[in-house]
Amino acid sequence: MKSSINARFALDYGTFNLDADLALPGTGISVLFGPSGSGKTTLLRCIAGLERPAQGYLEVNGTVWQDSSQGFFLPPHKRALGYVFQDANLFPHLSVYGNLCFGLKRIGLKPAAAGLEQTVELLGIGHLLDRMPERLSGGEKQRVGIARALVLKPDILLMDEPLASLDFQRKQEIVPYLARLHQALEIPVVYVTHAWQEAARLADHLVLMNGGRVAAAGPLAETLSRIDLPLAQDRKAVMVWEGRIAGHEADYHLTRIACMGAELYTTAIDASAGTPVRVQICARDVSLALEAPQATSILNVLPATVTGLADDRKGQTVVRLQVGAHTLLSHITLKSKHSLGLKIGMSVYAQIKGTSILN
Amino acid sequence: MLGDDDLAALWLTFRVAALSTVWLLMLGTPLAWWLTRTGSRWKAVCNALVALPLVLPPTVLGFYLLVLIGPNGPIGRLTTGLGMGTLAFTFNGLVVASVLYSLPFVVQPLQTAFAAIGPPPLEAAATLRAGPWDTFFHVVVPLAKPGFLAAAILGFAHTVGEFGVVLMIGGNIPGQTRVVSVQVYNHVEALEYGQAHWLAGGLLAFSFAVLIVMYGFLNHRLTVQPAK
């Protein structure tokens with residue numbers, strides 16, 4: 001992996017201390033994931049230079065932003081970054097347009113030259129430009145906040161739980177824009193969240209934080225499938241598969257997705273054939289059988305090989321499976337593991353209900 | 001009606017108050033900003049110093065000032081050495097005293113306004129390439145506007161209302177240090193109650209009007225708007 005963000009930070013606030021070592025790829029979305037208090041937001045703020053007492057080293061795209069051993073600290077306003085705050089943090093005394101132009105004025109760019117119009121369109125905020133922030137909904141504020149950061153064409157985009165303060169409805173409203181960003185952006189994004197759904201939906205690279213430290217890091221699928229981590233034991237554990245829409249069965253409200261060899265049925269996804277999609281398969285919705293079931297309501301039955309087993313000592317076993325080129329996790333009971341006699345290398349059938357595959 | 005002496009006193013009062021307000025804002029703004037942002041252990045001491053005029057009798061403040069700026073005081077020797085003479089019983093001395101006397105009335109509303117802004121807008125500005133000065137003038141000042149207005153009005157009005165300090169270090173020199181409050185005192189001493197009424201009533205009406213305008217404005221700004 002060619003990493004273009006290298007960070008090492010130590011920060012001691014008495015009750016909380018951060019001691020993190022991080023290497024992130026130069027493209028795609030890296031998600032910092034962990035429970036609250038795990039230091040993910042603090043780490044993001046260190047990258048932005050907003051935690052002045054932090055000691056360490058930071059290099060972004062070959063430019064050193066901080067090197068405490070040399071006494072070097074580039075102040076935040078001199079770092080080519082975009083920062084999206086949890087609650088948008090728009091300037092209340094400026095209109096949406098004023099907020100969008102605030103940074104542009106300071107880097108001496110005309111709105112047209114910066115492509116403000118395209119950014120405004122990408123985030124669907126064209127009708128809001130004259131409004132004051134107090135007259136925006138939470139989701140609208142956040143879209144303006146993202147546009148305000150993006151329009152500066154930063155070398156790196158830092159996003160601090162941009163959806164955390166929004167209700168479910170507003171989240172649904174903004175997620176499609178984030179997914180569009182994912183495709184449109186060439187710069188690396190560091191995205192902080194404690195929500196499974198967001199991490200699984202957006203991440204290319206996953207960094208697990210715990211107690212101020214980096215517990216694990218790597219490409220999304222690789223990290224999710226590490227059964228040695230508590231992550232795989234979590235009742236919300238998922239695996240993520242990338243695929244393309246192969247076709248629809250409109251009568252049944254089903255969509256077929258081709259994922260490198262395997263084909264999955266899911267509840268209908270509103271997109272045309274050929275569209276790339278990412279699906280999440282919850283580990284607790286994957287059951288196992290030794291023989292191909294003959295008559296079953298389960299739509300997806302995939303031949304698989306057991307590649308890993310881990311007991312959680314509470315009667316649950318995580319089974320890691322290889323399905324073609326993909327990895328799959330299954331949560332089964334310890335009793336089932338024993339009655340099936342599961343061992344590494346065994347061939348089994350993984351069964352997934354069509355309704356439990358999430359887009 | 002108002003005599004020439006009274007008009008001169010009014011004009012002098014206005015000049016002292018206006019000039020003092022300008023100095024108060026220039027000195028009070030960085031002081032209030034520092035007091036809001038600093039974690040220094042001197043913060044408590046500075047806050048206490050700034051607030052002293054609130055609790056001290058004006059005569060005490062005036063007395064120490066007189067000692068300091070008089071011909072034998074350290075500041076008096078300095079100003080005399082610089083060929084400026086002493087500040088005692090002069091217009092400039094009155095402005096210096098007014099600034100000290102009214103400082104808490106300017107620093108405290110500014111401090112409250114700065115504290116209410118909090119770190120988030122400053123951090124947003126920093127991530128949008130604004131340096132500290134830029135952020136202060138284009139984010140902090142606009143957001144603290146009601147605070148600046150309150151500070152200016154209170155500073156001005158409080159200076160207009162001073163009496164004890166003036167008497168101690170300014171005396172009663174027409175056109176130099178004889179401000180309205182002193183002139184009212186002169187009239188009363190001379191049993192000219194009619195003229196005292198005109199001046200005193202005028203000052204009362206002025207102060208009342210200023211406070212109404214200020215609270216009206218601040219209420220409008222500070223009332224919580226119902227969520228839409």
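## Close-up views of chains A and B

**Figure 1. Chain B is built from helices, with a secondary structure of 11 helices and 0 strands.** Welcome to the first view, which comes from a predicted model. If you trace chain B along its sequence, you will read the pattern α-α-α-α-α-α-α-α-α-α-α. Along the principal axes, the C-alpha atoms of chain B fill a box of roughly 65 × 50 × 25 Å. Chain B has 228 residues, and 36% of these count as buried. Take the contacts in chain B between residues at least 6 apart in sequence: 73% of them join residues at least 24 apart.

**Figure 2. Helix H2 of chain B bends at Leu49(B).** H2(B) covers residues 43–55, which makes 13 residues. From the first C-alpha of H2(B) to the last, the helix reaches 19 Å, close to the 18 Å expected at 1.5 Å a residue. Where should you look for the bend in H2(B)? Find Leu49(B), where H2(B) turns by about 30 degrees. Then step along the chain to Pro53(B), a proline that follows within four residues. As you follow the side chains, remember that an α-helix has 3.6 residues a turn, so residues three or four places apart point the same way.

**Figure 3. Five strands of chain A form an open sheet.** The strand order is S16-S20-S17-S18-S19, and the pairing is antiparallel. Why is one side of S16(A) and of S19(A) left without a neighbour in the sheet? Strand S16 (286–289) and strand S19 (326–333) of chain A stand at the edges and have a single partner strand each, so one side of each has no neighbour there. From one strand to the next, the twist averages 45 degrees.

**Figure 4. S16(A) pairs with strand S20 of chain A at one edge of the sheet.** Here we move in on S16(A) and S20(A), the latter spanning residues 347–352. The two strands run antiparallel and are joined by 4 bridges. To get your bearings, start at Val286(A), whose bridge partner in S20(A) is Ile352(A).

**Figure 5. Chain B meets chain A through a contact of 13 residues from chain B and 14 residues from chain A.** Which elements give two or more residues to the side of chain B that touches chain A? They are helix H6 (119–127) and helix H7 (132–143) of chain B. H6(B) gives the most to this side, with 6 residues. By residue type, the side of chain B that touches chain A divides into 9 nonpolar, 2 polar and 2 charged residues.

Note on methods:
Residues are numbered from 1 along each chain as its sequence is written. Chains are lettered from A and ligands numbered from 1 in the order in which they are written. This is a predicted model: local features need pLDDT of at least 70, side-chain atom pairs count only at pLDDT 80 or more; totals for chains, interfaces and linings use all residues. The expected span of a helix is 1.5 Å times one less than its number of residues. The bend at a residue is the angle between axes fitted to the seven residues ending there and the seven starting there. Two strands pair if DSSP finds at least two bridges between them. Axes are lines fitted to C-alpha atoms, for helices over the stretch in contact, and angles run from 0 to 180 degrees between N-to-C directions. A residue is buried if 20 or more other C-beta atoms lie within 10 Å of its own, exposed if 12 or fewer, and partly exposed in between; C-beta atoms are placed from the backbone. Two residues are in contact if their C-beta atoms, placed from the backbone, lie within 7 Å. Ala, Val, Leu, Ile, Met, Phe, Trp, Tyr, Cys and Pro count as nonpolar, Asp, Glu, Lys and Arg as charged, and the others, Gly among them, as polar.
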